[in-house]
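Me: Please choose one part of this protein and take me through it closely. I'd like to see what it touches and how it is held in place.

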Amino acid sequence: QHGMTDSMSMADSTGNATTHERATQDISRGKTARKENVTAAPPKPKPNVLLLFPDQWRWDWDGRFKDRADLRMPTLRRLAEVGTVFDYAYTPSPLCTSARSALASLREYDEAPTTIGGMDFPPDVETWYEAMQKAGYHVIAVGKDDLTQTRAGMRADGSRHAAALGFDSHFRMHGKYSTFAGERPVDEFSSDMMDLECGRNESGGSTLLQCQRWCYGAEAVPSIGVGHCCRPIQGHESGLNCQGFDQVGDDQDLYMDDYVTHRAEELIKVVPEGKPWVLHLSFPGPHPPFIITEGMNESIRERHFPAARDNDIASSEEQLEVRRQYAAELENLDRLIGRLLEKTGALKPDANVVTVVMADHGEQLGEHHWFGKQRPWEGSVRVPMYVLGPGVPAGRIVAAPVSSLDAIGFIMDSANATRHPGMYTGSLAKFFRHPYAVDVEFESLAHSGLTNIHSHIDFRAVVRKLNATCILKVICCPTGCPGGNSFALSMAPDPQLMVFNVALDPDERHDLRHAPEAASLMWLLP
């Protein structure tokens, strides 16, 4: 063989190429020809992004837990079929401003630039919106962003700090508590309401802004939500039991959530041609006041919802009314989310759209003697989360704790956007790899926390999966955990540790602080 190879590699005495050399030349010419004829495939365009964000939406009110709330939410049912649901998603903080500050900066609560209400997000802090701009995206912000809250406000045209936050186009509003606070418009939503007629004549106002001020309440917190349309439940967030109707009358399109959805649809239409876009649509609802339209009221009339667990501060009749109104808002949001998914084509099998549906935080809804949020209990800190898009498995339910920060991380990964130094590095992407590695469920964890000296709230929590039937949540309260949970009495003002297996005990009735597994999670607390 060695001699044959030598003879084949040499030219013959006439100087002509040998058979081996001619074959090598032919192969080389063929390769060259093939290279010349092949055109490189164009890079796949970046996906558009939908971040759909109801306000104050608790984890078990999404239509899947019929024994807890029998809701009619066909859009979310469809999303669960074609996308992935995360059953144990947690907010960085159960308060509007602090949760949204953490998400905007992509930082955990204790590292976020604003940790309590009434503050502006610092314009010099990099946001994930700016990172998306740098990745080539047109960023659209619609609805309540809660990032501009000082008295200077966001202005009637929504422009204050908008560019610094990373918004290319926007339709901004304060939440339900503040958008009607002034006699003159304070944001883009109230500016539009100033030019519209009232749909009901009971207030005596002429413009829709005047009528809504009468209905929702027009003074500073806590008076907002104690207008003529609601009755307060003493000592709790206002705007809970609302017998009056929204002043839009029969024009459902002017109802807050419907109106911002329409404005989002219009802004998508004018995105510069060829640019991918990201839309963060932050619905005002179902945050209190739970004021609904007459049409929405018809949809929940005579419907039954179980009373709050561990509650003796409101009658069963009051609780039922509150829960019906909350349900009406959520079912209306399900319809609006479906409309937006349809118009953007996000539900098509080949759609190049990443969709995330989740909330900023939850709502106790009377559980453990509390209406509102700001509590370490599941009703406040745990939220629904649905994800759909290229590479996202269909029909999967992930029973592992994740943070809503992981969802923003996944959006950035999908867009190939670069994180600014100091940003949270987690992502949901690890759950979508093939083959699916169950180990990631035991590596994943979530944090939540809040310090609000005005409400005597100070806690930090960490959640981690230990096995198929044990997802432990450890809560640390330096000055005692909030009262209200009859099964875990507060030790205020002394330091307190609480531990619950939320996989088997989502109502947090059995404190497992003495379980040996609890010690292994304490070092993971923020």
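Reply: A salt bridge is a side-chain nitrogen of Lys or Arg within 4 Å of a carboxyl oxygen of Asp or Glu. Keep that handy. One more thing before we start: this is a predicted model.

Let's start with one such pair. Arg-339 and Glu-265 form a salt bridge through their side chains, with N and O 2.9 Å apart. Glu-265 is in helix 9 (residues 256-269) and Arg-339 is in helix 11, so in sequence they are 74 residues apart, and the pair links distant parts of the chain. The two ends sit in different surroundings: Glu-265 is buried because its relative accessible area is 7%, while Arg-339, at 24%, is partly exposed. The cut-off that matters here is 20%, since buried means under that value.

Helix 9 is the part I'd zoom in on. It has 14 residues and spans 21 Å from its first C-alpha to its last, close to the 20 Å expected at 1.5 Å a residue. How many of its residues are buried? Ten of the 14 are, so helix 9 is largely enclosed by the rest of the structure. Among them are Met-256, Asp-257 and Asp-258, then Tyr-259, Val-260 and Thr-261, and further along Ala-264, Leu-267 and Ile-268. Our salt-bridge partner Glu-265 is on that list too.

So what does the covering? Strand 3 (138-144), strand 4 and strand 5 (277-282) are included, along with helix 7, helix 8 (208-216) and helix 11.

Now pick out Tyr-259, one of the buried residues of helix 9. Its ring belongs to a cluster in which ring pairs link Phe-171, Phe-180, Phe-189, Tyr-216 and Tyr-259. In the whole structure, a search turns up 14 aromatic pairs.

Next, follow helix 11, one of the elements that cover helix 9. A second salt bridge joins Glu-329 to Lys-176, where the closest N and O atoms are 3.0 Å apart. Glu-329 lies in helix 11 (residues 316-344), and Lys-176 is in the loop between strand 4 (169-173) and helix 7 (188-193), so this pair ties together parts that are 153 residues apart in sequence. Here both ends are hidden: Glu-329 counts as buried because its relative accessibility is 0%, and Lys-176 is buried at 3%.

Helix 11 also takes part in ring packing, but let me show you another pair on the way. Trp-59 and Phe-65 pair edge-to-face, with centres 5.2 Å apart and planes at 75°. Both of these residues are buried. Trp-61 and Tyr-326 are edge-to-face as well, at 5.3 Å centre to centre and 65° between the planes. Tyr-326 is in helix 11, while Trp-61 sits in the loop between strand 1 (48-53) and helix 3 (74-82), 265 residues apart. Trp-61 and Tyr-326 are both buried. Trp-59 has a further neighbour: the charged end of Arg-382 sits over its ring, 3.7 Å from the centre.

To put our starting pair in context, the whole structure has 37 salt bridges. Some join up, including a network of Arg-58, Asp-60, Arg-68, Arg-309, Arg-323, Glu-367 and Asp-507.

Definitions and conventions: Residues numbered from 1 in each chain as written. Predicted model: local features only at pLDDT ≥ 70, side-chain atom pairs only at ≥ 80, totals over all residues. Heavy atoms only, no water. Helix = DSSP H or I, 4+ residues; strand = E, 2+ residues; numbered from the N terminus. Buried < 20%, exposed > 50% of the residue type's maximum accessible area, 1.4 Å probe, protein only. Phe/Tyr/Trp six-rings, centres within 6.5 Å; stacked < 30°, edge-to-face > 60°. Lys NZ or Arg CZ within 6 Å of the ring centre and 35° of its normal. Expected span 1.5 Å × (residues − 1). Contact = heavy atoms within 4.5 Å.
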